[in-house]
Amino acid sequence: MKRWIAIAAVIAVAAVLPLLLNPTGYWIRILTFTLLFAAMAQVWNIIGGLANQTSLGHAAFFGIGAYTSTILLLKFGLSPWIGMFAGGLLGGIAALIIAVPTMRLQGHYFALATLAFGEVMRVIANVWTPLTGGPGGLSVPFMPPSVAAYSFKQLLPHAYIALIALIVVTFIFEAIRRGAMGYRLRAIKENAAAAEVIGIDTTKVKLQTAVISGVLMAMLGTLYAQVAVFFDPDTVFSAASISIRVALIAILGGVGTAIGPILGALFIIPVEELMNDLFSASAAGLSQLIFGVILIAVILWRPRGFITVFDAMVARLSGRAGS
Amino acid sequence: MSESALLLEIAGLNAGYGEIEVLHGIDLQVRDGEFVCIIGANTAGKSTILRAISRLVPHVTGTLRFAGADLAGRASHEIPALGIAHVPEGRHVFADMTVEENLLLGAFTLRHQPDLPARMDGVFELFPRLRERRAQLAGTLSGGEQQMVAVGRALMLQPRLLLLDEPSHGLAPKVVEEMHDAFTTIHRRGTSILLVEQNVGLALDVATRGYVLESGRIALQGSSAELNQNPAVRAAYLGI
Ligand SMILES: Nc1ncnc2c1ncn2[C@@H]1O[C@H](COP(=O)(O)OP(=O)(O)OP(=O)(O)O)[C@@H](O)[C@H]1O
Ligand SMILES: [Mg+2]
């Protein structure tokens with residue numbers, strides 16, 4: 001309950017914050033990507049946190065979404081709002097195709113299988129030039145600015161769309177976690193053998209989470225394409241900067257909790273950006289190294305994620321308020 | 001002696017994992033209202049019989065019927081709803097859930113859940129210690145109490161047949177006795193039981209009939225009294 005009051009406060013701050021920033025500037029861009037990556041990590045959290053299956057292939061769905069809506073826009077002039085749902089459908093199908101053979105795999109094996117799937121998608125996008133434009137990437141065509149065309153002069157509307165997306169996927173995550181499906185997933189996570197004998201259809205419930213997560217991730221791919229305006233296979237299908245990063249955000253923040261991915265993104269995205277700004281001029285690669293060292297330090301400090309710091313803070317604040 | 005209807009009928013059952021066949025031509029029956037035990041050495045395949053009934057073994061051929069219904073082709077998650085509750089080997093509780101949540105999950109797959117509080121009361125009558133600890137996390141219970149939770153969770157289904165896989169393994173003698181008293185009560189209340197037990201003396205004490213499994217084959221069968229008197233059983237399992 002206290003947590004939810006804190007969440008309402010965070011949402012209120014997030015809703016006002018974009019207005020305070022220069023609408024065409026640097027910080028609003030970072031804010032938009034922070035919100036978007038928080039949403040992506042939340043979507044990953046459905047399968048990674050609730051079903052306990054550490055996917056390292058979510059870039060596959062993300063890229064499918066980005067390409068689907070952009071290709072539909074380029075070839076048929078279809079609004080990205082509609083393209084987003086087409087991408088979601090394909091993302092869900094892709095998730096089903098990858099999940100059926102891999103869902104029985106545990107831990108590292110599942111992670112590696114999904115990682116390979118993401119890479120396969122990257123290679124396909126690179127060679128299927130007639131459809132995807134190949135390694136040269138795709139530019140989202142410029143449309144006269146309007147909400148219906150999902151086209152804006154400034155970043156501000158994109159920040160709000162990302163915020164709304166984050167709120168929506170967070171509610172979906174919570175609804176699953178608290179519902180019958182969440183109970184089944186918890187039972188499987190806590191004791192697979194016991195879940196089996198009480199009649200839980202382990203395969204089905206895991207497939208459901210995979211598909212939901214795949215659909216939503218693909219839809220977020222459209223959001224990314226519209227903000228980024230240009231992308232190529234190595235960006236949207238990237239193992240490092242999409243698949244692993246969203247997993248890292250959720251894990252660092254607190255896997256399996258609704259607040260974890262938000263905390264993780266609030267930390268990782270700005271810090272990474274800051275490191276790039278500070279060090280990329282002086283020595284290429286140094287920023288990555290320092291960023292890596294920071295991540296290791298944080299994981300050693302809080303192995304269960306920032307959520308533990310957050311919970312302690314909320315407890316202390318409410319304790320003080322109570323006394 | 002008038003015989004009651006066949007509840008579980010296993011005939012010519014072969015089962016295994018991957019390439020390895022573990023059970024070779026098992027014939028076994030449980031009549032309605034019976035208390036039957038399976039005894040045998042480690043790796044004889046006792047658990048595999050129970051797991052085959054619950055459709056948890058990948059490769060199974062032969063006849064498996066329950067209350068007239070063919071179990072072949074059914075998925076494992078459909079089995080509890082038929083009236084078969086399985087308490088697996090080891091103490092499998094949902095550790096981070098309360099005793100009450102564990103019990104409720106036992107009836108989770110039932111379409112109609114009209115009398116859950118009454119069913120839970122039935123479990124608490126059988127294991128009064130669980131009533132005191134209903135709000136405690138199952139993972140923090142003693143081994144014996146966890147096993148009570150596992151049995152209680154199975155009873156929430158009000159099954160016609162209860163499959164028990166070495167329920168007293170690793171428990172203190174006093175708890176084992178308590179556990180077996182509970183089984184006698186469950187049986188008297190009308191539930192048929194198929195019990196796998198390493199403690200052969202105890203198994204033959206509570207069950208009315210038994211099968212001796214050796215390397216995936218039924219080597220002997222008979223009433224508990226007959227098996228108790230059998231020189232081979234006495235030498236191999238009772239150490240007499
Ligand atoms: N999941 C599995 N995969 C492969 N082999 C298995 C599996 N489970 C059991 N086995 C093998 O099947 C044989 C029979 O095992 P099972 O568990 O049925 O024996 P058991 O009589 O219950 O033994 P115990 O008294 O030790 O519980 C053993 O050789 C075991 O190694
Ligand atoms: Mg066994």
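**Exercise 1.** Does Val123(A) count as buried, partly exposed or exposed, and at what relative accessibility?

Solution. The model is a predicted one, and the residue is first placed in its element: Val123(A) lies in helix 5 of chain A. Its relative accessibility is 45%, and since partly exposed is the class between the limits of 20% and 50%, Val123(A) counts as partly exposed. The residue also belongs to a nonpolar surface patch of about 530 Å², which is made by Val120(A), Val123(A), Ile124(A), Val127(A), Trp128(A) and Leu131(A). Helix 5, which spans residues 107-127 of chain A, supplies the largest share of that patch, namely four residues.

**Exercise 2.** Classify the geometry of the ring pair formed by Tyr67(A) and Phe237(A), and state which parts of the chain the pair ties together.

Solution. Over all chains, the structure holds ten aromatic pairs. In the pair considered here, the ring centres of Tyr67(A) and Phe237(A) are 5.9 Å apart and the planes stand at 10 degrees, so the pair is stacked. Tyr67(A) belongs to helix 3 (residues 59-76) of chain A, while Phe237(A) lies in the loop between helix 11 (233-236) and helix 12 (239-253) of chain A, so the pair ties together parts that are 170 residues apart in sequence. As a last step, Tyr67(A) counts as buried at 4% relative accessibility, and Phe237(A) counts as buried at 3%.

**Exercise 3.** Analyse the salt bridge between Arg178(A) and Glu174(A) by distance, position and accessibility.

Solution. The closest N and O atoms of Arg178(A) and Glu174(A) are 2.6 Å apart, which satisfies the limit of 4 Å for a salt bridge. Both residues lie in helix 7 (residues 156-178) of chain A, where four residues, about one turn of the helix, separate Arg178(A) from Glu174(A). Arg178(A) counts as exposed at 56% relative accessibility, whereas Glu174(A), with a relative accessible area of 5%, is buried.

**Exercise 4.** Describe the two interactions of Arg186(A), with Glu190(A) and with Tyr183(A).

Solution. Arg186(A) forms a salt bridge with Glu190(A), in which the closest N and O atoms are 3.3 Å apart. Both partners lie in helix 8 (residues 180-190) of chain A, four residues apart. Arg186(A) also lies over the face of Tyr183(A), at 5.8 Å from the ring centre. On accessibility, Arg186(A) counts as partly exposed at 30%, and Glu190(A) is partly exposed with a relative accessible area of 22%.

Note on methods:
Residues are numbered from 1 along each chain as its sequence is written. Chains are lettered from A and ligands numbered from 1 in the order in which they are written. This is a predicted model: local features need pLDDT of at least 70, side-chain atom pairs count only at pLDDT 80 or more; totals for chains, interfaces and linings use all residues. Side-chain values use heavy atoms; hydrogens and water are left out. Patches are made of residues with over 30% relative accessible area and no salt bridge: like charges are joined within 9 Å, nonpolar side chains (Val, Leu, Ile, Met, Phe, Trp, Tyr) within 5 Å. Accessible areas come from the Shrake-Rupley method with a 1.4 Å probe; for residues, only the protein chains shown count as cover. A salt bridge is a side-chain nitrogen of Lys or Arg within 4 Å of a carboxyl oxygen of Asp or Glu. Helices (H or I, at least four residues) and strands (E, at least two) are DSSP runs, numbered from the N terminus. Buried means under 20% relative accessible area, exposed over 50%, partly exposed in between (1.4 Å probe, protein chains only). Rings of Phe, Tyr and Trp (its six-membered ring) pair if their centres lie within 6.5 Å; planes under 30 degrees apart count as stacked, over 60 as edge-to-face and the rest as tilted. A charge sits over a ring if NZ of Lys or CZ of Arg is within 6 Å of the ring centre and within 35 degrees of the ring normal.
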